[in-house]
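Visitor: I would like to learn how to read charged side chains in a model. Where should we begin?

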Amino acid sequence: MKKIEAIIKPFKLDDVREALQEIGLAGMTVTEVKGFGRQKGHTELYRGAEYVVDFLPKLKLEVVVDDDMADRAIEAIEQSARTGKIGDGKIFVSAVERVIRIRTGEEGAEAV
């Protein structure tokens, strides 16, 4: 099994969710996060004073999928989150050793 974590622009969430639903993924976790990379940040004016906003608002999307579904999920996220501009985000993929559904005790693919 694979855990896919994607950092995306907030306004792309609905597009990504729809793309994942189309390939058959039912669940995901979304967290509001802040960060920067090459996009760096920007300056803003507040009450006449200029200040630098280093950390930009992003969303962190997490899904756990079977190995055979991972490439399709990555492609769906990549295509639906892309704007072609700096700051589109990143996708991280890691192995998951074990998944357990707390309510039923199911493990593995049945628990996802």
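Guide: Begin with one acidic residue. Asp15 has 34% relative accessibility, so Asp15 counts as partly exposed. Keep in mind that this is a predicted model.

Visitor: Which residue forms a salt bridge with Asp15?

Guide: Lys12 does, and the closest N and O atoms are 3.2 Å apart. A salt bridge needs a side-chain nitrogen of Lys or Arg within 4 Å of a carboxyl oxygen of Asp or Glu. Lys12 counts as buried because its relative accessibility is 10%.

Visitor: How many salt bridges are there by this rule?

Guide: The count comes to 8 salt bridges.

Visitor: Before the next pair, how is the chain laid out?

Guide: The chain has 2 helices and 6 strands. Their order along the sequence is β-α-β-β-β-β-α-β. Of the 112 residues, 29% are buried.

Visitor: What does Lys60 pair with?

Guide: Lys60 forms a salt bridge with Glu5. Their closest N and O atoms are 3.0 Å apart. Now place the partners. Lys60 lies in strand 5 and Glu5 in strand 1 (residues 2-8), so this pair ties together parts 55 residues apart in sequence.

Visitor: Is Glu5 buried or exposed?

Guide: Buried: Glu5 has a relative accessible area of 18%, and the cut-off for buried is under 20%. Lys60 is partly exposed, with a relative accessible area of 23%.

Visitor: Which residue forms a salt bridge with Lys9?

Guide: Asp88 does, and the closest N and O atoms are 3.7 Å apart. This pair links distant parts of the chain, 79 residues apart. Lys9 sits in the loop between strand 1 and helix 1 (13-22). Asp88 sits in the loop between helix 2 and strand 6 (90-95). Check the burial of each partner. Lys9 is buried, with a relative accessible area of 12%. Asp88 counts as buried at 16% relative accessibility.

Visitor: How should I read a charged side chain without such a partner?

Guide: Look for the nearest opposite charge, then for polar atoms. Take Lys58, found in strand 5 (residues 56-65). Lys58 is buried yet has no salt bridge.

Visitor: Which side chain of opposite charge is nearest to Lys58?

Guide: That is Asp88, 7.0 Å away. Asp88 has its salt bridge with Lys9.

Visitor: What lies 2.7 Å from a polar atom of the Lys58 side chain?

Guide: The backbone oxygen of Gly87 does. So check the backbone as well as side chains when you read a buried charge like Lys58, because the Gly87 oxygen lies within the 3.5 Å limit for a polar contact.

Visitor: And on the surface, which residues gather in a patch of negative charge?

Guide: Asp66, Asp67, Asp68 and Glu110 do. Residues in a patch have over 30% relative accessible area and no salt bridge. Try two of the members. Asp66 counts as partly exposed at 33% relative accessibility. Asp67 also counts as partly exposed, at 47%.

Visitor: Where do Asp66 and Asp67 lie?

Guide: Asp66 lies in the loop between strand 5 and helix 2. Asp67 lies in helix 2 (residues 67-81).

Visitor: How far is the C-alpha atom of Asp66 from that of Ala109?

Guide: The two C-alpha atoms are separated by 6.8 Å. Along the chain, Asp66 and Ala109 are 43 residues apart.

Note on methods:
Residues numbered from 1 in each chain as written. Predicted model: local features only at pLDDT ≥ 70, side-chain atom pairs only at ≥ 80, totals over all residues. Heavy atoms only, no water. Patch = residues over 30% accessible without salt bridge, like charges linked within 9 Å, V, L, I, M, F, W, Y side chains within 5 Å. Areas by Shrake-Rupley, 256 points an atom, 1.4 Å probe, with all protein chains shown as cover. Lys, Arg positive; Asp, Glu negative; His and termini not counted. Charge placed at Lys NZ, Arg CZ, Asp CG, Glu CD. Helix = DSSP H or I, 4+ residues; strand = E, 2+ residues; numbered from the N terminus. Buried < 20%, exposed > 50% of the residue type's maximum accessible area, 1.4 Å probe, protein only. Polar contact = N/O pair within 3.5 Å; in protein donor to acceptor, adjacent residues only side chain to side chain.
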